[in-house]
Amino acid sequence: MKLSFELNGKPTQIEIEARETLAEVLRARCRLTGVKISCEAQVCGSCTVQVDGLPVSACTYLAYEVRGRRVTTIEGLADASGRLHPLQQAFLDHFAFQCGFCTPGMIMAAKSLLDEVPDPTEAEIVEHMNGNLCRCTGYLAILKAIQQASKEMRVQK
Ligand code: FES
Ligand code: FES
């Protein structure tokens, strides 16, 4: 079937099979391998992307459901000049990753929070991020990075 949607700001048309998940289509057909697949059961958050600005687990979201919608992945966050999104920069500044496998999903989940709640409390960040698992960092650096990005994004507005 033909799928038409907006992908990282660009109108996109591709052929897919109805059974394919959004994560499979983004990785294999669109070559956006920032979308990670781990649990494939909506448990770990590694595959988080935004659909119409809201976070979804792409591993359990059928690709055809994005027809006519806006999809944003980690590859779509830097601006046209290549400058990193404040969340990407903050994760670098705080060394908020080790293997990096969870990082794209972490950043996309955090972006969804900051888009809705620009100045979240620590408790709100922890609550929002509890669906994103990291085996490496211990989470403190991730929390600090999100807090830094929150400040930066408010200054930029
Ligand atoms: S791979 Fe989708 S939630 Fe774990
Ligand atoms: S940095 Fe390795 S899983 Fe999070």
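Leaving aside its neighbours within four places in sequence, which residues is S57 in contact with? In this predicted model, the partners of S57 beyond that window are Q42 and C47. S57 itself belongs to strand 4, which covers residues 54-57. Its relative accessibility is 17%, and because the cut-off for burial is under 20%, S57 counts as buried.

The nonpolar cores come next. As a general background, nonpolar side chains in soluble globular proteins tend to be buried together. Here the largest nonpolar core has 24 residues. Those with the most contacts inside it are L87, F91, M106, L114, M129, I142 and I146. Helix 2 (86-93), helix 3 and helix 5 are the elements that give two or more residues to this core. A second core, separate from this one, has 22 residues, including L3, L22, C30 and V56.

I142 is one of the residues with the most contacts inside the largest core. Not counting residues up to four places away in sequence, I142 touches F91, A96, M106, C134 and T137.

Two of the helices that contribute to the largest core, helix 3 and helix 5, also pack against each other. Helix 3 spans residues 103-116 and helix 5 spans residues 140-156; their axes come within 11 Å and cross at roughly 45°. Because of that angle, helix 3 is oblique to helix 5. The crossing of the two helices is right-handed. On the helix 3 side the contact is made by M106, A110, L114 and D115, which meet I142, I146, A149, S150 and M153 of helix 5. By class, the residues of this contact divide into seven nonpolar, one polar and one charged. M106 and L114 of helix 3 and I142 and I146 of helix 5 take part in this contact, and these four are also among the residues with the most contacts inside the largest core.

The backbone has two points to note in its loops. Most residues other than glycine have a negative phi. N8 has a positive phi, near 50°. The loop that holds N8 runs between strand 1 (2-7) and strand 2 (10-15). With a relative accessible area of 25%, N8 is partly exposed.

F95 also has a positive phi, near 50°, and is a residue other than glycine. F95 lies in the loop between helix 2 and helix 3. Is F95 buried or exposed? Its relative accessibility is 65%, and because exposed means over 50%, F95 counts as exposed.

Key:
Residues are numbered from 1 along each chain as its sequence is written. Chains are lettered from A and ligands numbered from 1 in the order in which they are written. This is a predicted model: local features need pLDDT of at least 70, side-chain atom pairs count only at pLDDT 80 or more; totals for chains, interfaces and linings use all residues. Side-chain values use heavy atoms; hydrogens and water are left out. Axes are lines fitted to C-alpha atoms, for helices over the stretch in contact, and angles run from 0 to 180 degrees between N-to-C directions. Helices (H or I, at least four residues) and strands (E, at least two) are DSSP runs, numbered from the N terminus. Angles under 35 degrees count as roughly parallel, over 145 as roughly antiparallel, 65 to 115 as roughly perpendicular and the rest as oblique. A crossing is left-handed if the near helix is turned anticlockwise from the far one by less than a right angle, and right-handed if clockwise. Contact means heavy atoms within 4.5 Å. Ala, Val, Leu, Ile, Met, Phe, Trp, Tyr, Cys and Pro count as nonpolar, Asp, Glu, Lys and Arg as charged, and the others, Gly among them, as polar. Buried means under 20% relative accessible area, exposed over 50%, partly exposed in between (1.4 Å probe, protein chains only). A nonpolar core is a set of buried Ala, Val, Leu, Ile, Met, Phe, Trp, Tyr and Cys residues joined through side-chain atoms within 4.5 Å.
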